[in-house]
Amino acid sequence: MNKALLKEKSIEVVKIIAFVLVFFLIVQILSSTVFTENSALKYNNNKKDAYSFINEKDNSIQIVGIGNSDVYSGFVPLELWREYGYTSVVSASIHQTIPESHKILEMLFEKQSPRLVIIESDMFYDGEDIDKKELKKQDWLSDFFDHMEPEFFAHNIENVFSVFRFHNYWQGGKENNDAAPYNSHGYRYNTRTCKLEKSEYMIPTSEKDDMSNLNKQQTDELINYCKSHGAEVMILTLPSINTWNYERHNAVEQFANERNLPFVDLNLHYDDMGISMTSCFRDEGNHLNYDGAKAVTLFLGDYFKRNYSFEDLRSNSDYVSWNKDLEKFDKYKNSTKKSEE
């Protein structure tokens, strides 16, 4: 190769490198100025409720629930406040991954100091069909290919640059006109009831449907991050007929026991919660409706009261906004109920 051609190739390489550097510089500037979480909350997106904590008063939240759509469908912070006076938020979105949850908690801990982080375990298996899943040998090679999956790469790029994580907030310029007229603290209200037949899906067995090594590693990092910021951690499984079974219960129970973490699987507590499996879901057995979510919340409130020492803040004047939110929530429920009659 002659010197002229070598020089030409070198110039092309420099141009490519310069373009890439400028591109990432622009992306980083947009991520830190225009496409921020605060401004994104005004617009419609599947992840809007995951960042509802941004509007909370600093250091006012005692309990955080993190995970996928099971959490924002199954836990009602305002009902926990009504009955127990504990402040809580749900930070969940559709198919939320463990790395996404970690990134959310990093933002949350900048202004909050929760005493308890609840990690919902369906996230450990999200995207895996319980009937069609093919069990794979878990080794370093399979973990390597897990890292090479486009979805894994996309989630990590989103975690680094908020311009990618929140681009749909601005897509089309559609403002979030469907937002509830009250601060839901991350819960999505839904009263639809899907009548189901009783399903014997929690059949005791000694078999385990284990988490992948990658998910275990990421969950351990999430747990250690919470503990390093002074928060206790518990693992929770919300009722779900079509994404859960006893094999997964066994695997998550072992995972929790090995780390000395409390684990509550509500798929074993329908009678204790006082709800019927046939009428507590809003769909075919994956997401709870409001009645189911309220029962779950009150059951957990009693569990918190017996196992932790959270302060009842209902008489604290610094938290009067929670009472106002509850009033608006009840008003919204009543108006919705009348419109459905």
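Where is the place of T87? In this predicted model, T87 sits in the loop that joins helix 4 (77–84) to strand 2 (88–92). With a relative accessible area of 0%, T87 is under the 20% limit and therefore counts as buried. Beyond its neighbours within four places in sequence, T87 is in contact with S60, I61, Q62, I63, W81, L313, Y319 and W322.

Strand 2, which follows this loop, is also a convenient way into the sheet. Five strands form an open sheet in the order 2-1-3-4-5, and their pairing is parallel. Strand 2 and strand 5 (263–265) are the edge strands, each pairing on one side only. On average, and with direction ignored, neighbouring strands of this sheet are turned by 20 degrees against each other. Towards the strand 5 edge, strand 4 (residues 232–237) and strand 5 pair in the parallel sense over three bridges. At T237, the bridge partner in strand 5 is D265.

Helix 11 (residues 246–258) lies across these two strands, strand 4 and strand 5, and runs at about 165 degrees to strand 5. The 13 residues of helix 11 reach 18 Å from first C-alpha to last, close to the 18 Å expected at 1.5 Å a residue. At the start of the helix, a side-chain oxygen of N245 comes to within 3.2 Å of the backbone nitrogen of E247. Just after the other end, N260 takes a positive phi of about 55 degrees. The buried residues of helix 11 are Y246, R248, H249, N250, A251, V252, F255 and A256. Their cover includes helix 10 (213–228) as well as strand 4 and strand 5.

Attention now turns to the nonpolar interior. The largest nonpolar core has 84 residues, of which L105, I119, M234 and F304 touch the most other members. Helix 13 (residues 290–307) supplies the largest share of this core, eight residues. For F304, contacts beyond the neighbours within four places in sequence are I63, F75, L80, Y86, L116, I118, M234 and F310. M234 thus appears both among the contacts of F304 and among the core residues that touch the most other members.

L105, another of those core residues, is one of the buried residues of helix 5. Why is helix 5 (residues 98–108) described as largely enclosed by the rest of the structure? The reason is that nine of its 11 residues are buried. These are I98, P99, E100, S101, H102, I104, L105, M107 and L108.

Terms used:
Residues are numbered from 1 along each chain as its sequence is written. This is a predicted model: local features need pLDDT of at least 70, side-chain atom pairs count only at pLDDT 80 or more; totals for chains, interfaces and linings use all residues. Side-chain values use heavy atoms; hydrogens and water are left out. Buried means under 20% relative accessible area, exposed over 50%, partly exposed in between (1.4 Å probe, protein chains only). Helices (H or I, at least four residues) and strands (E, at least two) are DSSP runs, numbered from the N terminus. Contact means heavy atoms within 4.5 Å. A nonpolar core is a set of buried Ala, Val, Leu, Ile, Met, Phe, Trp, Tyr and Cys residues joined through side-chain atoms within 4.5 Å. Two strands pair if DSSP finds at least two bridges between them. Axes are lines fitted to C-alpha atoms, for helices over the stretch in contact, and angles run from 0 to 180 degrees between N-to-C directions. The expected span of a helix is 1.5 Å times one less than its number of residues. A polar contact is a pair of N or O atoms within 3.5 Å; within protein, one must be able to donate a hydrogen and the other to accept it, and residues adjacent in sequence count only if both atoms are side-chain atoms.
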